[in-house]
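Student: Could you take me through one part of this model in detail? I'd like to start with a pocket and then see the sheet beside the rest of the fold.

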Amino acid sequence: MKPRMVHESRELSVPFEYRPDYKGLVALIKAGGDLRPYLSRDILKKKRPDKNDPLLNSWGIQHLHFSAEGTDQLLFCVIAESDVFVIQTLPHDAED
């Protein structure tokens, strides 16, 4: 947990209903807040830190839920030492 700069993709499109949540996430990232509540439920609630996440393992791309309760849209980003690169939002169960 540490403050990071946020960089947004030119193609980023946040659905209207998630824009307030997105702004909250960006503020949390910039402030250095705890992002764990926004991570995969398998890791946090099912105590499965060994769960295979191919997108993370292959490309280093994290997915965050827009709220701690979980959402049907996900925010895909790369979290680096001092920056977060926000890529795109996609539905939770998207094939692509």
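Tutor: Sure, let's start with what lines the second largest pocket: by class, 8 nonpolar, 3 polar and 4 charged residues. Its volume comes to about 230 Å³. Of the 15 lining residues, R4, G33, L35, R36 and I79 are the closest to the pocket's centre. Keep in mind that this is a predicted model. The protein chain averages a pLDDT of 85, and 81% of the residues score at least 70. Among the chain's elements, β1 has the highest mean pLDDT, at 97, while helix α2 (residues 41-44) has the lowest, at 60. Where pLDDT is low, the predicted coordinates should not be read in detail.

Now for the sheet. It is open, has 4 strands in the order β1-β4-β3-β2, and its pairing is mixed. β1 (5-8) and β2 (62-65) are the edge strands; each has a single partner strand, so one side of each is left without a neighbour in the sheet. On average, neighbouring strands here are turned by 35° against each other, if you ignore direction. Helix α1 (residues 19-31) packs on this sheet and touches β1, β2, β3 (73-79) and β4, with its direction at about 140° to that of β1.

Next, the pairings one by one. β1 and β4 (residues 83-91) run parallel and are joined by 4 bridges. In that pairing, M5 sits opposite D83 of β4. β3 and β4, on the other hand, run antiparallel, with 7 bridges between them. One bridge pair there is L75 with T89, the latter in β4. The link from β3 to β4 is a hairpin through 3 residues.

Finally, let's zoom in on E8, which lies in strand β1. Which residues is E8 in contact with, once its neighbours within four places in sequence are left aside? They are Y22 and V86. Y22 falls in the stretch of helix α1, residues 19-31, and V86 falls in that of β4, residues 83-91. There is also C77 to consider: E8 and C77 are 69 residues apart along the chain, yet their C-alpha atoms are separated by 9.1 Å. As for side chains, in a regular strand they alternate between the two faces of the sheet.

Key: Residues are numbered from 1 along each chain as its sequence is written. This is a predicted model: local features need pLDDT of at least 70, side-chain atom pairs count only at pLDDT 80 or more; totals for chains, interfaces and linings use all residues. Side-chain values use heavy atoms; hydrogens and water are left out. Two strands pair if DSSP finds at least two bridges between them. Helices (H or I, at least four residues) and strands (E, at least two) are DSSP runs, numbered from the N terminus. Axes are lines fitted to C-alpha atoms, for helices over the stretch in contact, and angles run from 0 to 180 degrees between N-to-C directions. Contact means heavy atoms within 4.5 Å. On a 1 Å grid over the protein atoms alone, a cavity is a set of points where a 1.4 Å probe fits but cannot get out, and a pocket is an open set with protein on both sides within 12 Å along at least five of seven lines; lining residues have an atom within 4 Å of a point. Grid points are joined across faces, edges and corners, and a volume is the space filled by probe spheres set on the points. Ala, Val, Leu, Ile, Met, Phe, Trp, Tyr, Cys and Pro count as nonpolar, Asp, Glu, Lys and Arg as charged, and the others, Gly among them, as polar. pLDDT is the predictor's confidence in each residue, from 0 to 100.
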